[in-house]
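Me: Please show me the sequence and the structure. I would like to ask about the packing inside.

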Amino acid sequence: MMAPLTWKTPQEVRNRVLDIAVSRTDPNISVKEVIEEAERNLAFETHIFALQGAKDADRQQFEEIVQPLRRLISESNAAVDRLMMEMMGSGSWIGFGRRHLDAPEEVIPNRYWPFLALNIKEARASGEGIEFRGVRFLTYGEIPRDQPVRDRITAANKLPSEAQPAAPASPPAKSQAQRGRRKVADWEDYFEALKTKIAAVGYPDELNVKGWDKQADVERWVTDLLEREGCSAGVSTVRGYVAEFLARIRPEIQN
């Protein structure tokens, strides 16, 4: 029996991203903890100001104290929202939605997300003249390999020119080995995707959770992305690029 899919609402995705988000300058600092501490301090200062009668004479000093806290909360939440959209754009989260009431649910291609605004409360994504309602998500890495939805995701993320290639007037002869050749991966795109992934869930070492604590886990993740995007690469090629990527990323985290 096929395992059921674990769907997430936009709010659940946002909550999960908030749980794993860390400071870009110090990966040991949790963004959630920063927000919670700032909110506690803001509530405390507001309470003290009210106890003292909320006098107009004290308001300027009060605002000077709380404005940096409000700004920190706002900027931290905005950073979480940006990370959430980056993860959708990189394919870590796969969105689904309906274009209208009677339309079938469809995969929202990863390339759409930079042009869409997500309304979390209404579960609606819109922009550039298109709109998806009833939006929900799957974590790509958690989808079983035998799930048919993987084929839908692969098809949705093919560019139109790839899905229906134009035939040349006089096609050159091809050998049997050349027919059906898969496209070559753009490895710098995968490097950027891995940077986004690590910014969200941390560096894959012994301090991280099982399933993201060694290079082999990253190799599996990259291989999944390759398969979904219809790219071709051998095991040794993936291993070599992943080792290079991790070596490039580690100094950025440590600095």
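Some questions and answers on packing follow.

Reply: This is a predicted model, where local features need pLDDT of at least 70, side-chain atom pairs count only at pLDDT 80 or more, and totals for chains, interfaces and linings use all residues. Residues are numbered from 1 along each chain as its sequence is written, and side-chain values use heavy atoms, with hydrogens and water left out.

Me: Which element gives the largest share of the largest nonpolar core?

Reply: A nonpolar core is a set of buried Ala, Val, Leu, Ile, Met, Phe, Trp, Tyr and Cys residues joined through side-chain atoms within 4.5 Å; buried means under 20% relative accessible area (1.4 Å probe, protein chains only). The largest core has 28 residues. Helices (H or I, at least four residues) and strands (E, at least two) are DSSP runs, numbered from the N terminus. Nine of the core residues, the largest share, come from helix 3.

Me: How are helix 3 and helix 6 oriented to each other?

Reply: Axes are lines fitted to C-alpha atoms over the stretch in contact (heavy atoms within 4.5 Å), and angles run from 0 to 180 degrees between N-to-C directions. Helix 3 and helix 6 pack at about 140°, with axes 10 Å apart. Under 35 degrees is roughly parallel, over 145 roughly antiparallel, 65 to 115 roughly perpendicular, and the rest oblique. Helix 3 and helix 6 are therefore oblique.

Me: Which residues of helix 6 make the contact with helix 3?

Reply: Helix 3 brings Leu83, Glu86, Met87 and Ser90. From helix 6 come Ala193, Thr196 and Ala200.

Key
Buried < 20%, exposed > 50% of the residue type's maximum accessible area, 1.4 Å probe, protein only.
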